[in-house]
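Please examine the sequence and the three-dimensional structure shown below. The paragraphs that follow lead from one helix to the ligand, and then to a single residue and the domains.

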Amino acid sequence: MRATAIAQPNIAVVKYWGKRDLARNLPAVGSISITLSTLYTEMQVEIETGLVDDALLVNGAENRTLLARVSNCLNIVAGTDRPAVRVSSRSNFPIAAGLASSASAFAALVVAADAVFALSLPRAQLASLAGRASGSAARSLLGGFVELENDANDISVTNLLGATDWPLEIVVAITAPGPKPVSSGDAMEISRRTSPFYDLWIEQQAGDLAEARAAIEQRDLQRLGAIAEHNCLKMHSVMLGSRPPMIYWNSATVACMQTIRELQASGVNVFFTIDAGPQLKAICAATDAATVRAALAATDGVVEVMQSGVGEGARLLST
Ligand code: DP6
């Protein structure tokens with residue numbers, strides 16, 4: 001028995017940074033993201049007779065580092081008395097480099113696991129289970145513009161706009177494809193424990209979410225860009241103020257920010273966001289994507305540029 005699911009990563013315009021409950025991996029703040037269309041992770045889960053322990057292949061190579069996290073996610077979905085499975089994942093973009101690979105991986109994993117174990121869980125529950133594995137993964141269960149709400153006991157995701165309601169393009173400038181030095185989960189905990197800006201970050205998030213929600217509702221790119229850049233730079237200020245400091249940027253990341261500022265000054269409606277890695281994501285109208293792409297590709301230190309529209313939520317491909 002086997003099931004294959006696909007999910008796309010999402011890029012947060014109002015970020016999740018910090019955990020309220022480590023054991024259940026509940027985020028300390030809500031967040032808003034855009035699900036991408038062209039980057040993806042396909043996840044196959046197969047129940048194999050005679051298999052004793054779970055096995056994991058990532059892009060064709062055995063991966064023992066991620067296996068524990070994958071097994072744990074499967075236990076959360078199907079219980080610990082489930083049969084062992086062979087899991088195989090394939091992504092068309094660099095993993096663990098601040099490109100939200102855990103989001104697409106765990107979103108696809110819960111959908112494939114739900115099918116292979118014949119659970120038929122509602123999407124809301126799948127989102128909550130994916131969030132236990134990786135907070136941002138919950139958002140990839142839905143397409144378009146997604147808000148993750150965070151109440152006392154659980155998380156929930158809602159659609160602010162569908163995948164075709166506001167056809168923006170996301171241009172990703174890769175400045176270093178290798179894995180990041182500190183995982184976002186660990187870095188969040190360092191921030192919570194040591195950053196003097198952490199409490200202020202948490203306190204201001206409701207206001208940032210309301211502002212982004214209003215901008216999305218009005219499809220006002222400039223308004224969304226202003227709050228998204230502010231929220232992103234505030235999150236990085238929390239990281240920079242932590243001990244030890246977490247500096248995810250390299251010189252090309254900074255050069256890309258400068259490129260976006262130059263584009264903005266020349267009248268292009270575009271904004272940037274950066275996650276826990278050195279890649280910059282630029283968000284603009286479809287009509288401006290070629291200009292933004294060319295400018296980022298010509299920026300010193302950019303090794304590759306990827307582009308995506310707004311995509312659908314995680315879904316089953318085959319059983
Ligand atoms: C900076 O979802 O990777 O991308 O729950 O520990 O797996 P875990 O964290 P993760 O964190 C994402 C952080 C971020 C911002 C965001 O996507 O909202």
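A residue is called buried when its relative accessible area is under 20%. The model under discussion is a predicted one. With that cut-off in hand, one may turn to helix α4, whose buried residues are Ala-187, Met-188, Glu-189, Ile-190 and Ser-191. Which elements take part in covering them? Among the elements that cover the buried residues of α4 are β3 (19-21), α5 (198-217) and α6 (221-240).

Helix α4, which spans residues 184-194, also leads to the ligand: with three residues, α4 supplies the largest share of the shell around the ligand. In total, 18 residues surround the ligand, and the closest of them are Tyr-16, Lys-19, Ser-134, Gly-135 and Ser-136. By character, the shell residues comprise six nonpolar, seven polar and five charged.

Several of the closest residues can be examined in detail. In the side chain of Tyr-16, an N or O atom is found 2.7 Å from an oxygen atom of the ligand. For Lys-19, the distance from a polar side-chain atom to a ligand oxygen atom is 2.5 Å. Gly-135 contributes through its backbone, where an N or O atom is 2.6 Å from an oxygen atom of the ligand. How much of the ligand's own surface does the protein bury? The ligand taken alone exposes 460 Å², and 91% of that area is buried by the protein.

Attention may now pass to Ser-31, a residue of strand β5 (residues 31-35). Is Ser-31 buried or exposed? Ser-31 counts as buried because its relative accessibility is 1%, and the limit for that class is under 20%. The side chain of Ser-31 forms a polar contact of 2.8 Å with the side chain of Arg-139. Apart from neighbours within four places in sequence, the residues in contact with Ser-31 include Val-14, Lys-15, Tyr-16, Val-146 and Leu-209. Tyr-16 thus appears twice in this account, as a contact of Ser-31 and as one of the closest residues to the ligand.

Finally, the chain may be considered as a whole. The protein is divided into domain 1 (2-165) and domain 2 (168-308). Their centres, taken over C-alpha atoms, are separated by 22 Å. Where the two domains meet, 32 residues of domain 1 are in contact with 47 residues of domain 2. The ligand involves both domains, since each of them gives at least three residues to the shell around the ligand.

Notes. Residues are numbered from 1 along each chain as its sequence is written. This is a predicted model: local features need pLDDT of at least 70, side-chain atom pairs count only at pLDDT 80 or more; totals for chains, interfaces and linings use all residues. Side-chain values use heavy atoms; hydrogens and water are left out. A residue is near a molecule or strand if one of its heavy atoms lies within 4 Å of it. A polar contact is a pair of N or O atoms within 3.5 Å; within protein, one must be able to donate a hydrogen and the other to accept it, and residues adjacent in sequence count only if both atoms are side-chain atoms. Accessible areas come from the Shrake-Rupley method with a 1.4 Å probe; for residues, only the protein chains shown count as cover. Helices (H or I, at least four residues) and strands (E, at least two) are DSSP runs, numbered from the N terminus. Ala, Val, Leu, Ile, Met, Phe, Trp, Tyr, Cys and Pro count as nonpolar, Asp, Glu, Lys and Arg as charged, and the others, Gly among them, as polar. Domain bounds come from an automatic or database domain assignment. Buried means under 20% relative accessible area, exposed over 50%, partly exposed in between (1.4 Å probe, protein chains only). Contact means heavy atoms within 4.5 Å.
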